[in-house]
Each structure stands twice: as C-alpha cells, then as structure tokens.
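Got your viewer open? Here is a short tour, one selection at a time.

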Amino acid sequence: MRHQLFTASVLAAATALPLSAQSVGCAGQASCYETTNLTAVVSDFRSSVSGANRVITATIRIQNRTPRPLTLGYLSGSGVVTDDQGNRYEVASAESVRGIGLITSNSFDAKFQLQPGERADARVEFLFRPASRNVILGTSYAMDVALREINPIAGNQWRLGREHALRFTGFDGKGATASMAAGGASAASAAPVAASPTPSSTAMASAAQVAMADEINVCAGVERCYASGPVRVDIVQMSAGDIGNGRYHGVRLNVRVRNMSNDPIIIGYKGTSSGAIDNLGNRYYFGRAGTHDVSASGIGVVTGQAADPQFALRPGESRNATFNVTRFDAGRAERGTSFTWNATLVQLEITPSRQIRTGREFAVQIADVTPSAGDAVKAAGSDAANKAAKGILDALSGKKKKPPVR
C-alpha cells in the first residue's frame, strides 16, 4: 500500500483555538453531514455540459472534529449522483477526484490529513451520457459518496479504519449551496486519542502554528479568494474573449498564490486539472485530452512522471501565475458572463537526496467571477496573453509542446 509524504507547513497543528471553538456541526446548515469524527459541507454543486455529456461538479469541505490528526480517503466506486428523473451520474475516472486520495481494493493514498479543527476541500466530478436526445433530464439532485479513515499504526504503517457513507440531497445544480462558518455545534464528545507517528512527525514538531480563526476568516467577505491550510489564492485579473479567429472562446486568469504559514513551501500546478464553467453551464478546458498541458505559466507543472519545484514561497511571500482555459465556440451566439475556475495545486518537498515528493493537494475553486472592464483592458494587446492563447490553440489542434528538460 502506498502513501505520500506530508510536509511541515501542511501538518501544522491548529492550537490557536480550543477544539470546542473550532468544531463546526450541521446545526442550521443545508447540504451538510456530520459524524462524531468529521463534518462535511457541500459548498458548491454545479451542473454543466461537455459535448453530449452532462457533468456535475461538487466541492465538499471537510473538517476534523477529533482531538487528533484525521486522515481520509475517497472510497473508489462509491460516488454517485441521481436526479429526480432517475438518471445516474457516476465518477468517470481517478482524475475526476481532486484534493483527496483514492482508496481502492489494493491500495490507498493517505495525503488528505487534517489536524484537529482543520478543514480542507475535496472536489468530485460525476458524468452522465444520455442514450438519446429524448432523455428527460432532472432538475433536482442527490449525491452519495463514501469516505474512509486511514489510521496510522506502529512502524510508520497505515490501516484502514471507519467508513463514512455521506448522503446529500436537494441540489438544483446552479452553484453555491452552503458555507461552513466559524462556531456552530461543538465537537461530539470523544476521548482524546494519541496519534501514532506519521512519516513527517519530525517536520511537524518544528512547524509554525496555523490559527484556525485566520484560516476560517481569511476569505470572508473577499471576492475572488480561496484559502486552505498554508495556501491562499486570489484571482487578480480575469479577461475573456475570442481566440483563433473566433473559433474558440478563452478565459485568462492572473492568479496570486500566497504562503500564509511561517515556513517555506513549494507549490506546483497539477497538470490537466485547470478548467472553468460559465454561468450557462459551458465548460472550458486546459486543452484537448491527451495533449501536453501548456495552459499555465509562471508555476511549475506536476505530472505522474515529473514535478517542477520552481514556485517556492518564503513565509508570507506571494507570487503570480497565469492560467488559460478555452472552449470551442464557432458560431455560438450566447456566452456566459461569469466563470467558476478550478485547478489543483500540489505541495512539494525536496528531500535531502534532492528528490521531489508530492504531498497535500489543494482543490482550488473560485466561483462566479465576472471579468471587469479593467481586466479586459489590461489583458488586451499583452504579448504574454497572445503567446498563451497560441499555446492553447496548438494544444487543441494536437501540436504538443515539448516539456522543459529538468
């Protein structure tokens, strides 16, 4: 069985508030499920169209309610969405699950670890392909997913633990559903459990503390913002327009990533994970399936074969990166006016032997962003924007750009 390394900043213990003050229950919240060990809130549930397929994208924010670290995985094959017409949306592949590791029949990925009171997002996509145009599509949805605990045992080993079958109902597929606010119900009573050493226990000892109050409130009232653990992401500029002689419509985002911890961190972009959905349900992609992802610049790309550690941040430092997503748009009269962008960022660590290890993933989603006139003006005529658009069109046409030699 496999697990991935957790880095110091990611696993910083949340001691700023007592557990009872950090924990959030489901009192008064829709789209919420709670157990003794965790609270799960569906913060976004969005339907979209991809060719003949119908797609549901759900973001689940999970909080640890225990006084010990909690490691979770998504149980492969457990996710399904059904609509009020009986249609079934299923998880198409491992790439449809972001931010949380998979548990299969013979392996698991233990990268989704939460300290007491900490919360983080997982994102799951569900796909339904109607058998014909006459299929009646529903307008109300229910979702089932199963999470399972992954418990540390002696000798830096892991063992599968309790399974949580989560069910959520009453979604309309139009976007934001609920939020996890500070306060709420206190943690369910549970005797403190001493955590066994994890692969990064030495690094944890020297990690700076991340105050849960700051993490909870850092994006409160702030537009175009996402925060989780040591990472904050803000969309600084967004522009949209025609590329490729009007054959494609593109969205360009200038994104600022900030290290909110007191330790250095390295962040990479998980290749092929960037995309967007407009308010009409149209989907925008990094490029064409099977092509090399050239949609991001200013940040290193992480693939199954390599990871580029160029995007290093000192404590409190921020850097910008650019992302471009497109969709085929020849002759389409109606276009969306706002966009929900998502991408997966990965925390990296360089080992003493100069190897690069991947750690926690951040399923970034910033919803319902409207490009401003100022953004469009700043993007117009930009050489960087033009080069990025050309790269996207090359990818869409199947011209692969060779990755840099590392």
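First stop: T272. Select the stretch that links β17 (265-270) to β18 (275-278), and you'll find T272 in that loop. Keep in mind while you click around that this is a predicted model. Turn on the backbone torsions and check phi for T272: the angle sits near 75°, a positive value in a residue that isn't glycine. Why give that a second look? Most residues other than glycine have a negative phi.

Now switch on the surface. Is T272 buried or exposed, or somewhere in between? With a relative accessible area of 34%, T272 is partly exposed, because that value falls between the 20% and 50% cut-offs.

Next, jump to D368. Where does D368 lie? Select residues 356-369 to light up strand β25, and D368 is in there. D368 isn't a glycine either, yet its phi is positive, at about 55°. On the surface view, D368 counts as partly exposed, with 42% relative accessibility.

Time to zoom out. Select the whole protein chain and colour it by secondary structure: you should pick out five helices and 25 strands. How much of the chain is buried? Of its 406 residues, 52% count as buried. Show the full accessible surface and you are looking at about 17700 Å², with carbon and sulfur atoms holding 49% of that.

Last stop: contacts. Take those between residues at least 6 apart in sequence, and 75% of them join residues at least 24 apart.

Terms used:
Residues numbered from 1 in each chain as written. Predicted model: local features only at pLDDT ≥ 70, side-chain atom pairs only at ≥ 80, totals over all residues. Heavy atoms only, no water. Helix = DSSP H or I, 4+ residues; strand = E, 2+ residues; numbered from the N terminus. Buried < 20%, exposed > 50% of the residue type's maximum accessible area, 1.4 Å probe, protein only. Contact = heavy atoms within 4.5 Å. Areas by Shrake-Rupley, 256 points an atom, 1.4 Å probe, with all protein chains shown as cover.
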